[in-house]
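Please open the model in a viewer and keep the sequence panel visible alongside it. The tour below proceeds by selection.

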Amino acid sequence: MSFLWPKVEPNQEFQGLVCEGANVLPSKFIEDAFRDGYGKVVNIRRLDEVINSINGWYMERGLFGMVSGIEILSGGVIRLQVSEAEVNNVTIRFLDRTGEPTVGKTRPETILRQLTTKKGQVYSMLQGKRDVDTLLTMGIMEDVSIIPQPAGDSNKIDLTLNIVERKSGGGISAGGGISSGITSGPLAGLIGSCAIYHKNLFGKNQKLNVSLERGQIDSIFRINYTDPWIEGDDTRTSRSIMIQNSRTPTLVHGNQPDSNSFTIGRVTAGIEYGRPFRPKWNGTLGVIFQRTGAHDDKGNPVIRDFYSSPLTASGNTHDDMLLAKLETVYTGSGDPGSSMFAFNMDQGIPVWPEWLFFNRVNARARKGLVLGLACFHLSLSGGHVVGNFPPHEAFAIGGTNSVRGYEEGAVGSGRSCAVGCGEVSFPLTGPVEGVIFADYGTDLGSGTTVPGDPAGVRRKPGSGYGYGLGIRVDSPLGPLRLEYAFNDQRKGRFHFGVGLRN
């Protein structure tokens, strides 16, 4: 930018500075820009450099601001005029896929409260991009754009949000998958699923999902309602209500010598509240009621396994428990070198004398380190339970997401556990990566403290390691993992998984 400078007295020295209209531009930046000119003759070329540096400061931050005028007053005082475009009004315009105006299903207030750009702020294109990304992650928008326009003759601007909603907020879906917890049978691990869902109840971005998953011997029926941001709350608190009926195999009491199998049935209902409390940190509090019990392949209740180990803590056909849940999660940037940490605690509350009283904690951490084209990942997890807890809830060690080279739960099961993994990944071609890994897991000598010692009677070692290599392919579901590992007993095994290790 260049200026036509007014007539000034010759050889006038710079003695002072007056800056007007700069609300977000740091005063220190302005002072530093002019500092080396104090007491010196005003240099027009130098002023042009300073103006360009100020304009560059705004451009680097995506802010709508610039130097709009400069004047040299008598006595060597420079008056700098800065124009910053403040946000005036924010309006929403719903469009169809052809770009024509239409009637939206989402309530405007539900959209506006997602924006960090507020009236009176200097408009930032970078902040606007983050707002667009936030709106898209709601899952109910197909396209979002922000159009700034001058607000009359003032220095302010009006923002128009052009929003194209998804064609339908609800529907029916069906699919299939693989469970790593089932390792035998003609249809080992195959799971079919169907769901009825709505992603934008009442136009408030509230979500309802009714789903059924059915496998070879396991099944999960779940009703889940989620409000991602409770109306009237200023801290982005979410609420989730869940009812679930599931039947899953137990890794702790598996491998029955008589070839009979049984599953653990759980009827669960609870409510959870979560919110971010620091950048990259989220917390969850909840109360969950759960009734659990074991059943044979005919659906009859079972209270002991083949080795007479108890399957419930109470000795009855089922255990009842009311759990107070606490969870905190730190999530890094998602880059290969980022970190993750999660801590969970469940406290059993004995409202009735027969209800279980115990405390269970577990934690997971993962750290990445970029080494040229390769990336090193270290992950650690561990947990401990005290009190009267269901034996089938012991920590199961071994398998695809634990110690590879072993079957699921084949290393051990205990009141305590510790599992570590080191991996080196490197690019091969396109979305395909190669991986070299080593795992180690132990029950910390706690296997015998689980009622009935289910690990001991099955001769599980209690600790073990595995190592191997594999490939990973990026997909919309997350990394697809195919790995082959040897364990410390020199036995090899293939593992297939979806997503990062737990």
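The stops that follow cover nonpolar cores, a surface patch, an exposed glycine and salt bridges. Please note at the outset that this is a predicted model.

**Stop 1: the largest nonpolar core**

Select F34, L47, I54, Y58, I78 and L80. Within the largest nonpolar core, a set of 20 residues, these six touch the most other members. Next, colour the helices α1 (27–34) and α2 (44–60) together with the strands β2 (65–73) and β3 (77–84), each of which supplies at least two residues of this core. Which of these elements gives the most to the core? It is α2, with six residues.

Keep L80 selected and display its surroundings. Leaving out residues up to four places away in sequence, L80 touches L17, V18, C19, E20, F34, I54, V67, G69 and I70. F34 and I54 appear again here as contacts of L80.

Now move to V87, I111, M141 and I146, which are included in a second, separate core of 17 residues. As background to both selections, nonpolar side chains in soluble globular proteins tend to be buried together.

**Stop 2: an exposed glycine**

Select G176, which is found in strand β7 (residues 170–178). Is this residue buried or exposed? With a relative accessible area of 64%, G176 is exposed, because the threshold for that class is over 50%. Beyond its neighbours within four places in sequence, G176 is in contact with I191, G192 and S193. Add E213 to the selection and draw a C-alpha to C-alpha distance: G176 and E213 are 8.6 Å apart in space, with their positions 37 residues apart in sequence.

**Stop 3: a nonpolar patch on the surface**

Switch to a surface representation and select L369, L371, F376, L378, L380, V424, I436 and L469. Together these residues form a nonpolar patch on the surface, with about 710 Å² of accessible area. The elements that give two or more residues to the patch are β17 (358–371) and β18 (374–387). The most comes from β18, with three residues. F376 is placed in strand β18, and its relative accessible area of 30% makes F376 partly exposed.

**Stop 4: salt bridges**

The structure holds 24 salt bridges. Side chains of opposite charge can pair when their charged atoms come close. Begin with D32 and R35, which form a salt bridge whose closest N and O atoms are 2.3 Å apart. D32 is partly exposed, at 34% relative accessibility, and R35 is also partly exposed, at 49%.

Then select E483 and R404, whose side chains meet in a salt bridge at 3.0 Å, N to O. What parts does this pair tie together? E483 lies in strand β24 (residues 480–487) and R404 in the loop between β19 (395–397) and β20 (412–414), so the pair ties together parts that are 79 residues apart in sequence. E483 is buried, with a relative accessible area of 1%, and R404 counts as buried at 0%.

Retain E483 and add R481. These two residues form a salt bridge as well, with the closest N and O atoms 3.3 Å apart, and both E483 and R481 are buried.

Finally, extend the selection to R404, E423, D439, R472, R481 and E483, which are linked in a network of salt bridges.

Technical notes. Residues are numbered from 1 along each chain as its sequence is written. This is a predicted model: local features need pLDDT of at least 70, side-chain atom pairs count only at pLDDT 80 or more; totals for chains, interfaces and linings use all residues. Side-chain values use heavy atoms; hydrogens and water are left out. Helices (H or I, at least four residues) and strands (E, at least two) are DSSP runs, numbered from the N terminus. Buried means under 20% relative accessible area, exposed over 50%, partly exposed in between (1.4 Å probe, protein chains only). Contact means heavy atoms within 4.5 Å. A nonpolar core is a set of buried Ala, Val, Leu, Ile, Met, Phe, Trp, Tyr and Cys residues joined through side-chain atoms within 4.5 Å. Patches are made of residues with over 30% relative accessible area and no salt bridge: like charges are joined within 9 Å, nonpolar side chains (Val, Leu, Ile, Met, Phe, Trp, Tyr) within 5 Å. Accessible areas come from the Shrake-Rupley method with a 1.4 Å probe; for residues, only the protein chains shown count as cover. A salt bridge is a side-chain nitrogen of Lys or Arg within 4 Å of a carboxyl oxygen of Asp or Glu.
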